[in-house]
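Open your viewer, switch to a cartoon view and get ready to click. We will go from the whole chain down to a single side chain, one selection at a time.

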Amino acid sequence: MAALILPTLTAAFSFLLLFTPHTQAQTAPAPGPTGPLNFTGILDKNGQYTTFIRLLIQTQVASQITNQLNSSTEGLTVFAPTDNAFTSLKAGTLNNLRTQQQVAVVLYHVLPKYYTLTSLLTVSNPVRTQATGQDGGAYGLNFTGSGNQVNVSSGVVETQINNALRQQFPLAVYQVDKVLLPNDLFGAKAPASAPPPAKTHSSSGSSNETATKAASSPDNSDAGSIKSNAGFMGLVFGMMGLLFIGIFS
């Protein structure tokens, strides 16, 4: 009898072990929803974007990006210059800008739509940025390239997009090795128009000359009149002399 009970208990125990993991897997809680994207955290994690992070925070563009990521259905694309890119700028390039212009430079690195590297090759140039419309400027970017190589140009600088820090909707973050300086702020200015030629004083000189002649003309007329009268009197006296000579001869 004992020999029959032992195999039965063993089979029952094995049956329970077979179905226990399946039951636990079915009752495991589902993972909770993911929190909002930490945009600056993505940059900070890579360790070479401290200057860009500082500018994002100072200009409050970081908060703007976070708000848009939580509300936009189009997503965003950000081009993040490295610390070396900022170091390569001429001294005073950004510090000499007004506050609003600095904001425009940071917004110029953000596209109001999510783009993969492949889709950037098929866009219609120029592509509007978050800075478009600032101070009435166009603030567009141009993209060229082929295959896996994509170049971005501002009209002032051109650089290759080297690394995708994140490429998942709704946010794409790409590394660039140059600061994208907008043509609207850093492009060649139109040459200033030449000053109008100085006015000549010929009319005044002519007027003065005319006035001088006019002033001197009365004297000349009087002199002429005196000479005419003297000649006339000489003629009269000459005729009278001839007359007297004829009478007394």
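The tour below starts with the fold, moves to the sheet and ends in a helix.

**Stop 1: the whole chain.** Before you select anything, keep in mind that this is a predicted model. Color by secondary structure, and you should find 9 helices and 7 strands. The chain has 249 residues, and 30% of them are buried. If you look at contacts between residues at least 6 apart in sequence, 64% join residues at least 24 apart.

**Stop 2: the sheet.** Now select the strands. The 7 strands make an open sheet with mixed pairing, and you can walk across it in the order S2-S1-S7-S6-S5-S4-S3. Its edges are S2 and S3 (127-128), each of which pairs on one side only. At the S3 edge, 2 bridges tie S3 to S4 (residues 140-146), and these two strands run antiparallel. To see one of the pairs, select Val-127 and its bridge partner in S4, Leu-141. Then bring helix H4 into view: H4 packs on the sheet, where it touches S1, S2 and S7, and its direction makes about 150° with that of S1.

**Stop 3: strand S1.** Strands of a sheet pair through backbone hydrogen bonds, in either a parallel or an antiparallel way. Which strands sit beside S1 here? With S7 (residues 171-176), S1 shares 6 bridges and runs parallel. With S2 (residues 110-111), S1 pairs in the antiparallel sense over 2 bridges. Thr-77 is a handy residue to click: its bridge partner is Ala-172 in S7 and Leu-111 in S2.

Next, show the side chains of S1. In a regular strand, side chains alternate between the two faces of the sheet. Leu-76, Val-78 and Ala-80 are on one side, Thr-77, Phe-79 and Pro-81 are on the other, and all are buried. That is 6 of the 6 residues of S1 buried.

**Stop 4: helix H3.** Select residues 50-58, which make up helix H3. Which residues of H3 are buried? They are Thr-51, Phe-52, Ile-53, Leu-55 and Leu-56. To see what covers these buried residues, add helix H2 (39-46), H4 (61-71), strand S1 (76-81), helix H5 (83-87) and helix H6 (99-107), which are among the covering elements. Just past the helix, stop at Gln-60, which follows H3 and has a positive phi, near 65°.

**Stop 5: H2 against H3.** Keep only H2 and H3 on screen. Two packed helices are described by the angle and the distance between their axes. Here the axes come within 9 Å and cross at roughly 160°. Since angles over 145 count as roughly antiparallel, H2 is roughly antiparallel to H3. The crossing of H2 past H3 is left-handed. Show Phe-39, Thr-40, Leu-43 and Asp-44 of H2 with Phe-52, Ile-53 and Leu-56 of H3, and you have the residues that make the contact. They divide into 5 nonpolar, 1 polar and 1 charged.

**Stop 6: Leu-55.** Finish with one residue of helix H3, Leu-55. Why does Leu-55 count as buried? Its relative accessible area is 12%, and buried means under 20%. Leaving out residues up to four places away in sequence, Leu-55 touches Phe-86, Leu-94 and Val-106. For a last click, draw a distance between the C-alpha atoms of Leu-55 and Val-103: these residues are 48 residues apart along the chain, and the two atoms are separated by 8.5 Å.

Terms used: Residues are numbered from 1 along each chain as its sequence is written. This is a predicted model: local features need pLDDT of at least 70, side-chain atom pairs count only at pLDDT 80 or more; totals for chains, interfaces and linings use all residues. Side-chain values use heavy atoms; hydrogens and water are left out. Buried means under 20% relative accessible area, exposed over 50%, partly exposed in between (1.4 Å probe, protein chains only). Helices (H or I, at least four residues) and strands (E, at least two) are DSSP runs, numbered from the N terminus. Contact means heavy atoms within 4.5 Å. Two strands pair if DSSP finds at least two bridges between them. Axes are lines fitted to C-alpha atoms, for helices over the stretch in contact, and angles run from 0 to 180 degrees between N-to-C directions. Angles under 35 degrees count as roughly parallel, over 145 as roughly antiparallel, 65 to 115 as roughly perpendicular and the rest as oblique. A crossing is left-handed if the near helix is turned anticlockwise from the far one by less than a right angle, and right-handed if clockwise. Ala, Val, Leu, Ile, Met, Phe, Trp, Tyr, Cys and Pro count as nonpolar, Asp, Glu, Lys and Arg as charged, and the others, Gly among them, as polar.
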